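Biologist: Please take a close look at one part of this model for me, and start with the loop that leads into it. Keep it informal, but follow the connections from residue to residue.

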Amino acid sequence: MAEISDLPLASRLFLKAYPWRRIDPLPWSPLRKPLPEARLALVSTAGLVLPGQAPFDERVRGGDYSYREIPDDADVSTLIDSHRSGTYDHSGVQADPNVGFPLDRLHELGLRTNARHFSFMGSLTAPGRLVRETAPEAAEKLVADGVDAVLLIPI
Amino acid sequence: MCNQAVSLIAAELERRGIATVCVILLREIAERMRPPRALSVPFPLGYPLGRDPATQRKVIEEALALLEHPGPPPILEESGLRQR
């Protein structure tokens with residue numbers, strides 16, 4: 001299991017002192033229909049982009065809070081790793097992007113997937129603009145698509 | 001940081017009526033942040049679903065099963081899988 005105490009000293013000190021945002025009040029939406037009938041979308045923060053999409057920008061202070069839309073019929077093997085974090089081993093996701101964006105796995109399980117999914121870059125030390133701007137925007141798009149459930153994957 | 005980002009995005013989705021489940025690599029962060037439904041997995045950073053496709057499918061099935069949890073939140077369950 002990954003634990004903060006296993007990380008390099010600089011990361012450990014930073015994460016121990018970091019003011020993690022407590023989700024309060026805690027929202028709760030029950031699943032409206034049985035899982036096999038539910039429309040499912042994938043949201044990953046593994047920082048993956050399709051060829052032709054702009055990479056996540058390492059120069060944005062506090063982290064690039066934008067997102068990329070990934071179509072359901074995308075070729076996952078072509079996704080490009082543009083996550084800025086050096087705290088994890090990138091070799092797995094670079095060899096098989098399903099490690100961080102498991103769209104092929106969802107299809108193999110026969111799940112009813114949405115026509116689009118969302119890719120974020122999760123190394124956001126200043127997540128205010130994610131909370132105020134891009135997360136609500138992506139969420140509204142998934143509401144408009146009639147999505148019932150979302151699987152969220154960090155890296 | 002990724003664990004924080006998925007938790008914050010999940011909250012925005014749940015506020016709009018969409019059920020969510022987060023895979024979580026750093027349990028300590030989920031305990032502090034309280035995403036509505038989360039599965040804590042026994043894998044290193046960089047491998048949220050493990051390394052091989054069969055394990056990845058099992059983790060996804062475990063996570064999706066939490067969508068039918070009756071609540072109340074926060075739900076933070078431990079994966080039954082062992083690290084590979």
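Modeller: Pro25(A) sits in the loop of chain A between helix H1 (9-17) and strand E1 (40-44). This is a predicted model, and in it the peptide bond from Asp24(A) to Pro25(A) comes out cis, with omega near 0 degrees.

Follow that loop onward and you reach E1(A), which is mostly covered: five of its five residues are buried. Leu40(A), Leu42(A) and Ser44(A) are buried on one side of E1(A), and Ala41(A) and Val43(A) are buried on the other. So what does E1(A) pair with? One partner is strand E5 (residues 116-120) of chain A, which joins E1(A) in the parallel sense over two bridges. There, Ser44(A) stands opposite Ser119(A) in E5(A). Another partner is E6(A), which runs parallel to E1(A) and is joined to it by five bridges. Ser44(A) turns up again here, opposite Ile153(A) in E6(A), while Val43(A) stands opposite Leu152(A).

Now for E6(A) itself. It is mostly covered too, with five of its five residues buried. Ala149(A), Leu151(A) and Ile153(A) point one way from the strand, Val150(A) and Leu152(A) point the other way, and each of these residues is buried. E6(A) also reaches across to chain B: four bridges join it to strand E1 (residues 19-24) of chain B, and the two strands run parallel. In this pairing Val150(A) stands opposite Thr20(B), and Leu152(A) stands opposite Cys22(B). Leu152(A) therefore faces a strand partner in each chain, with Val43(A) in E1(A) and Cys22(B) in E1(B), where a pair of strands needs at least two bridges to count.

Zooming out to the whole contact, 54 residues come from chain A and 54 residues from chain B. On the chain A side, helix H2 (91-95), helix H3 (103-108), helix H4 (128-144) and strand E6 (149-153) each supply at least two residues. H4(A) gives the most, with eight residues. Sorted by class, the side of chain A that touches chain B has 36 nonpolar, eleven polar and seven charged residues.

Over in chain B, a couple of backbone details deserve a glance. The peptide bond from Pro73(B) to Pro74(B) is cis, with omega near 0 degrees, and Pro74(B) lies in the loop between helix H3 (53-65) and strand E3 (75-78) of chain B. Arg34(B), in the loop between helix H2 (27-33) and strand E2 (37-40) of chain B, has a phi near 65 degrees, a positive value in a residue other than glycine. Is Arg34(B) buried or exposed? It is partly exposed, because 19 other C-beta atoms lie within 10 Å, and the buried label needs 20 or more.

As for confidence, chain B averages a pLDDT of 94, and 99% of the residues score at least 70. Among the elements of chain B, H2(B) has the lowest mean pLDDT, at 91, and H3(B) the highest, at 98. The model as a whole scores ipTM 0.97 and pTM 0.96.

Conventions
Residues numbered from 1 in each chain as written. Chains lettered and ligands numbered in written order. Predicted model: local features only at pLDDT ≥ 70, side-chain atom pairs only at ≥ 80, totals over all residues. Contact = placed C-beta atoms within 7 Å. Nonpolar A, V, L, I, M, F, W, Y, C, P; charged D, E, K, R; others polar. Buried ≥ 20, exposed ≤ 12 C-beta atoms within 10 Å, placed from the backbone. pLDDT = per-residue confidence, 0-100.
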